[in-house]
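Q: Take me through one part of this model in close detail, beginning with a single turn and working outward to whatever surrounds it. Please define the terms as you go.

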Amino acid sequence: MSDPQIAVEDVSFGYTATPVVEGISFEVDAGEYVGIVGPNGSGKSTLLALILGLHEPDHGSIQLFGHPARSFRERDRVGYVAQDVTANASRMPITVREVVRMGRFPNAGFGRIDRTDKQRVTEAIETVGMADVADRQIMDLSGGQRQRAYIARALASEADLLVLDEPTVGVDTESVAGFFDLLDSLNDDRMTVLLVEHDVDAVIRRADRVLCLNRSLYFDGPTAAFTDSNALSRAYGMAIGEVTGE
Amino acid sequence: MIAAVAAALTIALDVVGAALAVALDVVGAALAVALDVVGTIPGQSNPISGVLFGIVEAWNDAIERVAIELGIEMLTYGFMQQAFLVGILIAIMAPLIGTFLVHRQLALIGDALAHTAFAGVAIGLLVNTMVSVSISPYLTAVVVAMIAALAIELISETTGAYNDVSMAIVLSTGFALGAVLISLNTGGLTVSVDQYLFGNLSTVSKSNASVLIGLFVVIVAVVTLTYKQLLYVTFDETAARVAGINVPWYNRIMTMLTAMVVVGAMQIMGVILVAAMLVVPVAAATQLARGFREALVGSIILAEIAVLVGISLSYTYETTAGGTIVLVAVGLYVLAVAAGKR
C-alpha cells in the first residue's frame, strides 16, 4: 500500500485567534476524485492553501506525497487551478501556449525550455482540445476555455494531483459541463482530483467522495452516503434539496 | 523510486541555488565595477572597467566613421555618440523590466524610484561639497534607489499596505529629502540640478556610458536567467507559489532591477520623465501584441524608435532630450492604439 498523496492530520489554522479550520483529518489516495463542499467562509479555500503548503498549520500536520507540505519540493507533481485569474489580469497579452508552458517551469528551473518540454506542452494543449486556439490570446477566449488552458498547464507539468479551487466561478453553464467532463476523463486516467466547488450538485454527480466542511469536517465518505446523510443540512443549516437546488 | 526522484530534485534545487548565488555574485561584481568606474579614472583600475571603457571608445570610433562616411554632423560629437549608445541601451533595458512591471500593475514604481534617486543625487552633491571628494551623484542615486526599492517591498509586506500606498510614501519621502538637501547645499550647485531633473544629452560622459553598459549587462543577464519565474509571478502569483517559486524573492529582484534601470535612464531622461520609458513603449506594444514575448520585443522596438528619433529631434531643435523622447513615445502609443485591436 503506497503512501496517500495527501495526509491531513488534526489540522487547525486561523488568520487571527479565531480558527478558520479546526481539527481536520483526512487522507486522499492516488486516483481518487474528492470534492470539498461547504458554505461561503467555511474554510474550503484555506484548507486547500494549507494542503498546497502556502500556510503553516497552527496545529497538526499536512503531508504531500509523504513529505511535509510546506517543504515539499516536487512541485511539478501538483497542478493547481483557481478561479479565472485572467479576469484580474485581463490586459496582459499572453497566449494559451505561453500559459501552458508555465507548467514546465518548475521542471526547467533556470534552464531553457527544450524540445521535450515543448512536446509536453503541445500534448497537453491537445488533450484539453485547444490545439486550434493555442496561439490565441487567452483573454480572447471564454471563461470555460481559459480554465481548460489552466488544466493543460497542470497536464504539461505531468502532475499526479490536480487541485482546483472554485474553478467554475464565472464560467458559463455550457462550458461548465464540458469542464467537468474533462475532469472526469483525467480522473479515469488515474489523475487524482481534489475539487473545492460551490456547486454541491456538481460535486455529488461527479466526485467519488465528498468532504463537507464548515470550519470542522461534517462528513467524509462516498458520495452516495453523503446524499443519504444529514451532513449537508448540518453544515449549511438547511435541507440538502435547498442547497442542491432540487 | 520516489526516493530517487526526490534525491534528483534535491540535486536540481542545489544547482538552482548555486545559479542564484552566481547571479547575485554577477550583480555584486557589476556594481563593484560600476563603483570602480565612477570612483576612479576610467579604464585605469581593473580589467573589467577597462573593457567597459574600451567598448565606449570603440563605439565612438565606429559612429565617428559612419558619421564622416554619411556626412551626419551630429554624430561627429563625442557627447552625441555617447548619448546614442546610452539611449539604445536604455531602450532595451527599460521595456525589458517595464513589461513585467506594467502587467503587475506596478507602472508607477519607476516614478517612485526615480524621485528617490533624486534624493541620492542630492546626497552625492552634498557629500562632494562637504568632504571635497568626487563621487558621481549617479552612484549615490543607484544606492539610494535600491534602498528605496527594498523599502517599498518592506512597507507593503510589514504593514499590509497596497503597493501604490507604499510607492507614494517612498516617492514623496525621496523627493522631499532631495529638495531639502539641495536647499541646504549652497555654492551654486542648484544650477546643475536641472540636468538630473530633466536629463541632458551633453552630460553623458564616457564614464557614465561605461556604468550604463555594466548595468545593462547585469539587467539583461538576470532577466534572461529568471525570465520564466518572473513571467509566472507576473501572470499568477498564487500559482507561481504553488509551483515552488519564491515570489517575494523575485519581487525583490524586479524592484532592484527597476532601480538600476531608473538611474541608468536618468542621465538623458531626467528624474521627472524616466518612468515613461518603463511604461509608454510597453503600453503601446500591448495594443499590438498577441503574446507576452511579442509584447516584450515590440516594446523594445518602439522604445528604440522613440529614443533614436527623440535624441535626433532634441539635438536638431535644441529641446530637452527626455521630454522629446517621451513625446515621440506617446505619439507611437497613440498610433498603436489607433492600429490596435482594442
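A: **The hairpin and its surroundings**

In the hairpin that β4(A) and β5(A) form, two residues lie between the strands, and A:Phe65 adopts a positive phi near 50 degrees. The model is predicted, so local features need pLDDT of at least 70 and side-chain atom pairs count only at pLDDT 80 or more, while totals for chains, interfaces and linings use all residues. Side-chain values use heavy atoms, without hydrogens and water, residues are numbered from 1 along each chain as its sequence is written, and chains are lettered from A and ligands numbered from 1 in the order in which they are written.

Strand β4 (residues 59-64) of chain A and β5(A) run antiparallel and are joined by two bridges (strands pair if DSSP finds at least two bridges between them; helices, H or I of at least four residues, and strands, E of at least two, are DSSP runs numbered from the N terminus). In these bridges, A:Leu64 is partnered by A:His67 of β5(A), and A:Gln63 by A:Pro68 of β5(A). Strand β1 (residues 6-13) of chain A also pairs with β4(A) in the antiparallel sense, over five bridges, and one of the partnerships sets A:Glu9 against A:Ser61 in β4(A). The hairpin thereby belongs to an open, antiparallel sheet of four strands in chain A, ordered β2-β1-β4-β5. Its edges are β2 (21-28) and β5 (67-68) of chain A, each of which has a single partner strand, so one side of each is left without a neighbour in the sheet.

Chain A has another open sheet, of six strands with mixed pairing, in the order β6-β7-β8-β3-β9-β10. Here β6 (78-81) and β10 (216-222) of chain A stand at the edges with a single partner strand each, so one side of each lacks a neighbour in the sheet. From one strand to the next, the twist averages 15 degrees. Within this order, strand β3 (residues 33-37) and strand β8 (residues 192-196) of chain A pair in the parallel sense over four bridges, with A:Gly35 partnered by A:Leu195 in β8(A). Helix α5 (residues 143-156) of chain A lies across β6 and β7 (161-165) of chain A and runs at about 170 degrees to β6(A) (axes are lines fitted to C-alpha atoms, for helices over the stretch in contact, with angles from 0 to 180 degrees between N-to-C directions; contact means heavy atoms within 4.5 Å).

The edge strand β6(A) also gives the most, three residues, to the lining of the largest cavity. On a 1 Å grid over the protein atoms alone, a cavity is a set of points where a 1.4 Å probe fits but cannot get out, a pocket is an open set with protein on both sides within 12 Å along at least five of seven lines, and lining residues have an atom within 4 Å of a point. Points are joined across faces, edges and corners, and a volume is the space filled by probe spheres set on them. The structure holds one cavity of 30 Å³ or more, and the largest cavity contains about 110 Å³ of space. Of its 15 lining residues, A:Val78, A:Gly79, A:Tyr80, B:Tyr232 and B:Ala243 lie nearest the centre. Two or more lining residues come from each of β6 and α5 of chain A and α9 of chain B. By class, the lining of the largest cavity has nine nonpolar, three polar and three charged residues (Ala, Val, Leu, Ile, Met, Phe, Trp, Tyr, Cys and Pro count as nonpolar, Asp, Glu, Lys and Arg as charged, and the others, Gly among them, as polar).

The second largest pocket holds about 970 Å³ of space and is lined by 32 residues, with B:Arg104, B:Leu106, B:Asn163, B:Glu237 and B:Asn251 nearest its centre. Its largest share of lining, five residues, comes from α10(B).
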